[in-house]
Amino acid sequence: MAVTPDGGGHVRLTSPVAIEWQAGHEYVLIAVRRVLDAGVGVTLSLPDDGPERERVRFTEIDLDLLDVVTHDGGPADIALVAPLVAAAAPAALPPGPVVVTDVGGLPALAADRTDSRVVPPRDPAALAAGIVELTGTGA
């Protein structure tokens, strides 16, 4: 199932988990950079809260993502739930296409959905591949 880009030709991504080290946002940011480098237009919305907010902002700067990432919790075409440890995994997945890490009960939550991909934790290349696959661009 391919998602439809927004009016600007971008697929909107979100990582709806608070910005904490165990939420894996640095891997999400690296994956977004890879997706952009593959020629797929995406934007990313992150929450604006959490103890690791400043570190994540520096990562955005290092990866040249300041014009791609917002912190407004806006709507998304694909959700990225990429925790590093089971304790950070949510009890439910957001509706719509989702890429999740193989942590805790996330694979079971995603198992019966045709619009989900399960990838290993700490693997931005696999996360990027899951995003690209769900966009249907074949990049």
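In this predicted model, the buried residues of helix H1 (25–37) are His25, Glu26, Val28, Leu29, Ala31, Val32, Val35 and Leu36. These buried residues pack against strand S1, strand S2 (42–45), helix H2, strand S3, strand S4 and helix H4, so the list of partners takes in both strands and helices. The helix itself has 13 residues and reaches 18 Å from its first C-alpha atom to its last, which is close to the 18 Å expected at 1.5 Å a residue. After H1 comes glycine 39, whose phi is positive, near 90°.

Helix H4 (residues 124–135) can be described in the same terms. Its end C-alpha atoms are 16 Å apart, in agreement with the 16 Å that its twelve residues should span at 1.5 Å a residue. Because nine of those twelve residues are buried, H4 is largely enclosed by the rest of the structure. The residues in question are Pro124, Ala126, Leu127, Ala128, Gly130, Ile131, Val132, Leu134 and Thr135, and they pack against strand S1 (11–14), helix H1 (25–37), strand S4 (78–81), strand S5 (98–101) and strand S6 (116–119). Just after H4, glycine 136 takes a positive phi of about 75°.

Leucine 80 and serine 15 offer a view of the interior at the level of single residues. Leucine 80 lies in strand S4 and, at 0% relative accessibility, counts as buried. Leaving out residues up to four places away in sequence, leucine 80 touches Leu13, Thr14, Ser15, Pro16, Val28, Leu44, Val99 and Ile131; of these, Val28 is one of the buried residues of H1, and Ile131 is one of the buried residues of H4. The C-alpha atoms of leucine 80 and threonine 14 are separated by 6.0 Å, although the two residues are 66 residues apart along the chain.

Serine 15 is placed in the loop between S1 and H1, and with a relative accessibility of 1% it counts as buried. Its side chain reaches the backbone oxygen of leucine 80 at 3.2 Å. Apart from residues up to four places away in sequence, serine 15 touches His25, Val28, Leu44, Ser45, Leu46, Pro47 and Leu80, among them His25 and Val28, which are buried residues of H1.

Charged side chains make up a further part of the picture. Side chains of opposite charge can pair when their charged atoms come close. A search of the whole structure finds eight salt bridges, including the pairs in the following table.

| Salt bridge | Closest N to O distance |
|---|---|
| Aspartate 48 and arginine 53 | 3.0 Å |
| Arginine 57 and glutamate 60 | 2.9 Å |
| Arginine 113 and aspartate 115 | 3.3 Å |

Arginine 57 and glutamate 60 both lie in helix H2, where they are three residues apart, about one turn of the helix. An α-helix has 3.6 residues a turn, so residues three or four places apart point the same way. The two partners nevertheless fall into separate classes of accessibility: arginine 57 is partly exposed, with a relative accessible area of 33%, whereas glutamate 60, at 0%, counts as buried.

Arginine 113 has its place in the loop between helix H3 (106–110) and S6, and a polar contact of 3.3 Å joins its side chain to that of aspartate 115. Aspartate 115 is buried, with a relative accessible area of 13%. When neighbours within four places in sequence are left aside, arginine 113 is in contact with Leu93, Pro94, Pro95, Gly96, Pro97 and Val98. Elsewhere, Glu26, Glu52 and Arg55 are linked in a network of salt bridges, and Glu26 also appears among the buried residues of H1.

The surface has a feature of another kind. Phe58, Ile61 and Leu66 form a nonpolar patch there, with about 280 Å² of accessible area together. Leucine 66 is found in the loop between helix H2 (53–62) and strand S3 (69–70), and its relative accessibility of 42% is why it counts as partly exposed.

Conventions:
Residues are numbered from 1 along each chain as its sequence is written. This is a predicted model: local features need pLDDT of at least 70, side-chain atom pairs count only at pLDDT 80 or more; totals for chains, interfaces and linings use all residues. Side-chain values use heavy atoms; hydrogens and water are left out. Patches are made of residues with over 30% relative accessible area and no salt bridge: like charges are joined within 9 Å, nonpolar side chains (Val, Leu, Ile, Met, Phe, Trp, Tyr) within 5 Å. Accessible areas come from the Shrake-Rupley method with a 1.4 Å probe; for residues, only the protein chains shown count as cover. A salt bridge is a side-chain nitrogen of Lys or Arg within 4 Å of a carboxyl oxygen of Asp or Glu. Helices (H or I, at least four residues) and strands (E, at least two) are DSSP runs, numbered from the N terminus. Buried means under 20% relative accessible area, exposed over 50%, partly exposed in between (1.4 Å probe, protein chains only). The expected span of a helix is 1.5 Å times one less than its number of residues. Contact means heavy atoms within 4.5 Å. A polar contact is a pair of N or O atoms within 3.5 Å; within protein, one must be able to donate a hydrogen and the other to accept it, and residues adjacent in sequence count only if both atoms are side-chain atoms.
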